[in-house]
Amino acid sequence: MLESHQIAAQEEEMATPRQPILRPFILFILSRLVIESFASDPPLTLDYYSSSCPTVLEIVRKEMECAVLSDPRNAALAVRLHFHDCFVQGCDGSVLLDDTVTLKGEKTASPNVNSLLGYEIIDRIKNKLESECPGVVSCADILTIAARDAVILVGGPYWDVPLGRKDSKTASYDLANENIPTANEGLASIISKFLYQGLSVTDTVALSGAHTIGMARCQNYRARIYGSLGENSHLSSLKSTCTAVEGDDKIAPFDYVTPNVFDNSYYILLLKEDGLLNSDQELYSSLLGIQTKRLVRKYAEDSLAFFQQFSDSMVKMGNITNSDSFENGEVRKNCRFINT
Ligand code: HEM
């Protein structure tokens, strides 16, 4: 057995020859971070609209209240829209752009088509904001505030939302296909997609907890329910509507215990091997997921710890900025189209 000081000495020894190569690399990364966060990107601030549109938070909240009251699933739709926005060229409202002759949007990319919903909720909020303070509040910021309000309205935690994003004039169909994780992707690949966005393994596990609300379609959980299930798994009951060959669009809640409540029940279900998607269950059951398993246990046991981490991770995800949008972006008048 090696003593800890021996391990430290060994590590130091191993590290020394690499330093000349690593140092410029690290300096380069650090300088990029400094340049990107201080030079080109104006930092987001909590009071960004305090003089230009002081009622923005009230207006978004009121519209989200109506939306969630009319159908609690609307909360899930808003949260997912924000996620799919941020993972493709940063949180810049690119996900909201419709296809036109000159622009191929993200809505028809495979993770989104016939799947991502709720665009009208954002349209409604935007309309209200345009009559109150025209040309001021970006669609990207609306998505961020709407997602936060959605979570609170179904019982989840509150957090302050940094604001001041600009809307992109571009979208990326290809990046939507590449960056957004999918239901039957392996854990390592999913984690690497989060790391690529600057999010950690902890962020990955906490943000996945958004699956405590909302629904998935059979085509996304079929492989899971016809794979290896525990003996008394609730998931077996889904086979009657989602057969091996039919029912692609049949929907089921991620959390069959409290489908419309934002709580830590998602993690408790993972401990029971009742995660709806293969990607959900892998967080707990993958042999590679030592750290993710520990985090799933922690959030299943301690809902406060989950709420705190979820809030922090949502702010972190919302801060994935698009430096190009800060320089060349705009505040769209209609979230579906760039301004003429
Ligand atoms: C960890 C990797 C993730 C994967 C593989 C994944 C995959 C999916 C899939 C396949 C669906 C169902 C789509 C359908 O059947 O049409 C879904 C729904 C959903 N996802 Fe994720 N997701 C992930 C992470 C996240 C994150 C980070 C969030 C938000 C922070 C999120 C929020 C949601 C919500 C709220 C729904 C339900 C939407 C509805 O009811 O229509 N997901 N996700």
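In the predicted model, helix H4 meets helix H6 through Ala75, Ala78, Val79, Leu81, His82 and Asp85, which face Ala140, Leu143, Thr144, Ala146, Ala147, Ala150, Val151 and Leu153 of H6. By class, the residues of this contact comprise 11 nonpolar, two polar and one charged. The two helices, H4 and H6 (residues 139-153), have axes that come within 8 Å and cross at roughly 140°. An angle over 145 degrees would count as roughly antiparallel; H4 and H6 are therefore classed as oblique to each other. Their crossing, that of H4 and H6, is left-handed.

Helix H6 also packs against helix H5 (residues 119-132), at an angle of about 115° and with the axes 10 Å apart. Because angles from 65 to 115 degrees count as roughly perpendicular, H5 and H6 are assigned to that class. The crossing of H5 and H6 is right-handed. On the H5 side the contact is made by Ile121, Ile122, Ile125 and Lys126, and on the H6 side by Cys139, Ile142, Leu143 and Ala146. Seven of the residues in the contact of H5 with H6 are nonpolar, none is polar and one is charged. Leu143 and Ala146 of H6 thus appear in the contact with H5 and also in the contact with H4.

A further helix pair is formed by H8 (residues 187-196) and H9, whose axes come within 9 Å and cross at roughly 105°. H8 and H9 are therefore roughly perpendicular to each other. Ile190, Ile191 and Phe194 of H8 make this contact with Val201, Asp203 and Thr204 of H9. The residues of the contact of H8 with H9 divide into four nonpolar, one polar and one charged.

Helices H4 and H9 also take part in the surroundings of the ligand. There are 24 residues around the ligand, of which Ser115, Leu207, Ala210, Gly214 and Arg217 come nearest. Two or more residues of the shell are given by each of helix H4 (73-86), helix H9 (201-208) and strand S1 (215-217). The greatest contribution is that of H4, with six residues. In terms of class, the shell around the ligand holds 14 nonpolar, seven polar and three charged residues.

The shell can also be described by domain. Residues are given to the shell by both domain 1 (56-180 + 318-328) and domain 2 (187-313), so the ligand lies between them.

Key: Residues are numbered from 1 along each chain as its sequence is written. This is a predicted model: local features need pLDDT of at least 70, side-chain atom pairs count only at pLDDT 80 or more; totals for chains, interfaces and linings use all residues. A residue is near a molecule or strand if its C-beta atom, placed from the backbone, lies within 6 Å of it. Helices (H or I, at least four residues) and strands (E, at least two) are DSSP runs, numbered from the N terminus. Ala, Val, Leu, Ile, Met, Phe, Trp, Tyr, Cys and Pro count as nonpolar, Asp, Glu, Lys and Arg as charged, and the others, Gly among them, as polar. Domain bounds come from an automatic or database domain assignment. Axes are lines fitted to C-alpha atoms, for helices over the stretch in contact, and angles run from 0 to 180 degrees between N-to-C directions. Angles under 35 degrees count as roughly parallel, over 145 as roughly antiparallel, 65 to 115 as roughly perpendicular and the rest as oblique. A crossing is left-handed if the near helix is turned anticlockwise from the far one by less than a right angle, and right-handed if clockwise. Two residues are in contact if their C-beta atoms, placed from the backbone, lie within 7 Å.
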